[in-house]
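Subject: Structure handover

Hello,

Here is the structure you will be taking over. Please open it first; my notes on what was found follow below.

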Amino acid sequence: MGGQVDSGREGVACWVVGRELPAELTEERERLFHDVAPESIDPEAHASFVIERTLDLGTMRSVAALVRYYGRDGIRDFLVAGGCRRVSRRTWALWSTYLGIGESECAPRSSPRVSEPFWTP
């Protein structure tokens, strides 16, 4: 199903494997995906990465496209599976309220084991 997505810039296009990223996300690639090659993003395999970046750095337009693409359930699943620890506190506050997610539903952050300290003398 993959193909070429017109980026809106002459001579630049974004290729993805599988489904295509929404045009709104590819148009904001410099803001959202500044540190990766956009052509390497597979929206299915890298869903957590795409959702995290778009929720934290996206505009209203790109976030609306994200919700249309992954659905409220997809975003909720990402947040509950630990995404709540990967997004900013501000983003978490907004989306947890919007989706009705309690703090107890969010996957706990891993903590270091006593037997594996960060630093030893």
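Among contacts in the protein chain between residues at least 6 apart in sequence, what percentage join residues at least 24 apart? The figure is 43%. Please keep in mind throughout that this is a predicted model.

Overall make-up

The protein chain has five helices and two strands. Read from the N terminus, the order is β-β-α-α-α-α-α. The chain has 121 residues, and 37% of them count as buried. Its accessible surface is about 7,800 Å², with 53% of that belonging to carbon and sulfur atoms.

Helix H3

Helix H3 covers residues 47-57. Its buried residues are Ala-47, Val-50, Ile-51, Glu-52, Arg-53, Thr-54 and Leu-55. An α-helix has 3.6 residues a turn, so residues three or four places apart point the same way. The buried residues of H3 pack against four other helices: H1 (23-27), H2, H4 and H5.

Thr-54 is a case to look at within H3. Thr-54 counts as buried because its relative accessibility is 0%, and the cut-off for buried is under 20%. Setting aside neighbours within four places in sequence, Thr-54 is in contact with Leu-25, Leu-32, Phe-33, Ser-62, Val-63 and Leu-66.

Ahead of H3, in the loop that follows helix H2 (29-32), sits Glu-39. Glu-39 has 44% relative accessibility and so counts as partly exposed. Between the C-alpha atoms of Glu-39 and Thr-26 there are 9.8 Å, and the two residues are 13 apart along the chain.

The disulfide

The structure holds one disulfide. Cys-84 and Cys-106 form this disulfide, and their sulfur atoms are 1.2 Å apart in the model. Cys-84 is in the loop between helix H4 (60-80) and helix H5 (89-99), while Cys-106 is in the segment after H5, so the pair ties together parts that are 22 residues apart in sequence. Are these two cysteines buried or exposed? Cys-84, at 6% relative accessibility, counts as buried, and Cys-106 counts as buried at 5%.

Arg-76

Arg-76 belongs to helix H4. With a relative accessible area of 23%, Arg-76 is partly exposed. Apart from neighbours within four places in sequence, Arg-76 is in contact with Leu-99, Gly-100, Ile-101 and Glu-105. Arg-76 and Trp-95 are 19 residues apart in sequence, and their C-alpha atoms are 8.3 Å apart.

The largest pocket

How much space lies in the largest pocket? The volume is about 230 Å³. The pocket is lined by 13 residues, and those closest to its centre are Leu-55, Met-60, Val-63, Leu-94 and Trp-95. H3, H4 and H5 each supply at least two residues of the lining. H5 gives the most, with five residues. By class, the lining has eight nonpolar, three polar and two charged residues.

Some residues come up under two headings. Leu-55 is among the buried residues of H3 and is also one of those closest to the centre of the largest pocket. Val-63 is in contact with Thr-54 and is likewise one of the residues closest to that centre. Trp-95, paired above with Arg-76 by C-alpha distance, is another of the residues closest to the pocket centre.

That is the handover.

Regards

Conventions
Residues numbered from 1 in each chain as written. Predicted model: local features only at pLDDT ≥ 70, side-chain atom pairs only at ≥ 80, totals over all residues. Heavy atoms only, no water. Buried < 20%, exposed > 50% of the residue type's maximum accessible area, 1.4 Å probe, protein only. Contact = heavy atoms within 4.5 Å. Areas by Shrake-Rupley, 256 points an atom, 1.4 Å probe, with all protein chains shown as cover. Disulfide = S-S within 2.5 Å. 1 Å grid on protein atoms, 1.4 Å probe; cavity = no way out; pocket = protein on both sides within 12 Å on 5 of 7 lines; lining within 4 Å. Points joined across faces, edges and corners; volume = space filled by probe spheres on them. Nonpolar A, V, L, I, M, F, W, Y, C, P; charged D, E, K, R; others polar.
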